[in-house]
Structure formats: C-alpha cells, structure tokens
Amino acid sequence: MRDGLKRPRGLGRLLPALLLASIPLLGLGKTAHASEALFGEHCAACHGTEAQGTPGLAPPLAYPALWQGLGQDAAGYLAGVVRHGLSGRLQSQGQVYSGLVMPPQSQLTIDEIASLTEYVLKLSGVDRAVSPGEVEKTLSVARSHRQLRALRPTAL
Ligand code: HEC
C-alpha cells in the first residue's frame with residue numbers, strides 16, 4: 001500500500017528527466033527531416049527525388065565515387081555549386097551533360113546550404129557534420145564555374 005503511493009511520485013520525478021533526455025533526439029529528427037524537405041523543394045525536380053540524377057537533364061548526386069574523388073573538397077564543391085550554379089561540359093557515370101546550366105540557388109541561406117550539403121553527402125555514405133561556418137569559408141575559395149570545375153575529377 002505504501003509502495004503504491006510512492007510510485008506516482010517516482011514517476012513524477014522521472015518524467016521530466018525523460019522529456020529532457022528526448023529533446024536532442026527530437027532536434028536531430030527535425031534537422032534530418034528539414035534537409036530532406038529542402039532537397040525535395042530545391043533539387044529533386046532536376047536531380048531526382050532520390051538524387052539518382054536525370055539523364056540528359058541533371059547528373060546524379062547520390063554517387064559515392066564523385067565525393068570520394070573530390071576528397072577534402074567535397075563539401076566546398078557541393079556548397080559552391082549550390083550557391084553559384086554550374087555550367088560547362090560535365091561527365092558523370094558515363095553520361096555527358098553538355099550545354100546545360102544549373103542556376104545559382106541564391107534563395108537559400110548559408111544555414112540551408114549547410115544542411116543540404118550534409119544531407120547530400122550522407123546519401124552517398126559520407127557521414128559528417130557541415131557547419132554554416134565551414135560553408136561560408138569554402139564559398140570564398142571557389143567562386144566561378146571554372147574554379148568549381150577545376151576541383152572535380154573530369155572523368156567520373
Ligand atoms: C533547374 C535544374 C537544377 C536544379 C533545381 C538543381 N540542379 Fe544541380 N545541376 C543541374 C545541372 C544541369 C547540372 C550540370 C551542370 C553542368 O553540366 O555543368 C547540375 C550539377 C550539380 C552538381 C555537380 C554534380 C557533379 O557531378 O559534379 C551538384 C553538386 C548539384 N548540381 C547540386 C544541386 C543541389 C544540391 C541542388 C538543390 C539545392 C541542385 N543541384 C538544384 C541542374 C539543377
């Protein structure tokens with residue numbers, strides 16, 4: 001009988017702790033969901049809902065060899081292409097994309113570019129955090145389409 005009375009008090013103490021503990025998890029879920037929605041809204045029409053690419057229109061972004069080939073420049077290249085767009089001849093998975101222009105996605109904030117960069121890399125198994133600060137730094141390195149193209153291995 002005494003135990004029965006104590007139990008609600010124990011639970012009462014536990015509940016706020018449980019709620020606090022779940023906040024970071026909720027936060028993570030929200031971020032992943034937000035970047036997926038951003039991709040759906042700003043990239044999927046051309047690159048496909050799974051980032052698999054659309055032959056003749058836009059190259060695949062879910063493509064591990066591309067990001068491996070770019071190595072340390074992967075996040076900077078990705079963020080740079082999103083901010084500045086891209087044009088020129090591009091070969092990807094044996095397909096040539098020529099005479100096509102990706103328009104600069106100037107509607108996106110630095111924060112949004114950071115979460116998109118993280119999301120797209122993760123689709124290819126590159127699991128690492130990309131902060132807005134890192135994006136800002138990399139955006140100042142490659143500004144023109146020519147500079148961006150120079151970062152990328154040509155035959156992929
Ligand atoms: C209007 C269509 C369109 C939209 C929208 C678009 N892209 Fe592109 N994207 C292209 C085209 C076309 C190319 C190839 C450009 C070229 O041939 O130089 C490209 C190229 C790229 C590349 C280079 C791929 C490689 O193989 O080197 C990346 C990275 C990229 N886009 C990311 C994105 C992301 C992320 C978004 C969303 C924020 C996005 N794009 C939105 C059309 C688009």
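These are my notebook entries on a predicted model of a protein chain with a ligand.

**Overall layout**

I started with the secondary structure and got seven helices and four strands in the protein chain. Reading along the sequence, I wrote down α-α-α-α-β-β-β-β-α-α-α. Next I looked up burial: 22% of the 156 residues count as buried. Then I checked how far apart in sequence the contacting residues sit. Among contacts with a separation of 6 or more, 65% are between residues 24 or more positions apart.

**Ligand shell**

Which residues come nearest to the ligand? I noted Cys43, Cys46, Ala58, Leu100 and Met102, out of 25 residues around the ligand. I also wanted to know which elements supply at least two residues of the shell. My list reads helix H2 (44-47), H4, strand E1 (86-87), strand E2 (90-92) and H5. Sorting the shell by residue type gave me 18 nonpolar, six polar and one charged.

**H4 against H5**

Since H4 and H5 both turned up in the ligand shell, I looked at how they pack. The axes of H4 (residues 74-84) and H5 (residues 110-123) come within 10 Å and cross at roughly 125°. That angle falls outside the 65 to 115 range for roughly perpendicular and is not over 145, so I have H4 and H5 down as oblique to each other. The crossing of H4 past H5 is right-handed. On the H4 side, the contact is made by Ala74, Ala75, Leu78, Ala79, Val82 and Arg83. H5 answers with Ile113, Leu116, Thr117, Val120 and Leu121. By type, I get nine nonpolar residues, one polar and one charged in the contact of H4 with H5.

**H5 against H6**

H5 also packs on helix H6 (residues 132-139), with the axes 8 Å apart and an angle of about 100°. I therefore entered H5 as roughly perpendicular to H6. From H5, I listed Ile110, Asp111, Ile113, Ala114 and Thr117 in this contact. H6 brings Pro132, Val135 and Glu136. The residue types in the contact of H5 with H6 are five nonpolar, one polar and two charged. Going back over my lists, I see Ile113 and Thr117 of H5 in the contact with H4 and again in the contact with H6.

**Glu36**

My last lookup was Glu36, which lies in helix H1 (residues 2-42). Is Glu36 buried or exposed? Neither label fits: I counted 16 other C-beta atoms within 10 Å, so Glu36 is partly exposed. I also noted the pair Glu36 and Ser115, 79 residues apart in sequence and 9.1 Å apart in space, C-alpha to C-alpha.

Terms used: Residues are numbered from 1 along each chain as its sequence is written. This is a predicted model: local features need pLDDT of at least 70, side-chain atom pairs count only at pLDDT 80 or more; totals for chains, interfaces and linings use all residues. Axes are lines fitted to C-alpha atoms, for helices over the stretch in contact, and angles run from 0 to 180 degrees between N-to-C directions. Angles under 35 degrees count as roughly parallel, over 145 as roughly antiparallel, 65 to 115 as roughly perpendicular and the rest as oblique. A crossing is left-handed if the near helix is turned anticlockwise from the far one by less than a right angle, and right-handed if clockwise. Two residues are in contact if their C-beta atoms, placed from the backbone, lie within 7 Å. Ala, Val, Leu, Ile, Met, Phe, Trp, Tyr, Cys and Pro count as nonpolar, Asp, Glu, Lys and Arg as charged, and the others, Gly among them, as polar. A residue is near a molecule or strand if its C-beta atom, placed from the backbone, lies within 6 Å of it. A residue is buried if 20 or more other C-beta atoms lie within 10 Å of its own, exposed if 12 or fewer, and partly exposed in between; C-beta atoms are placed from the backbone.
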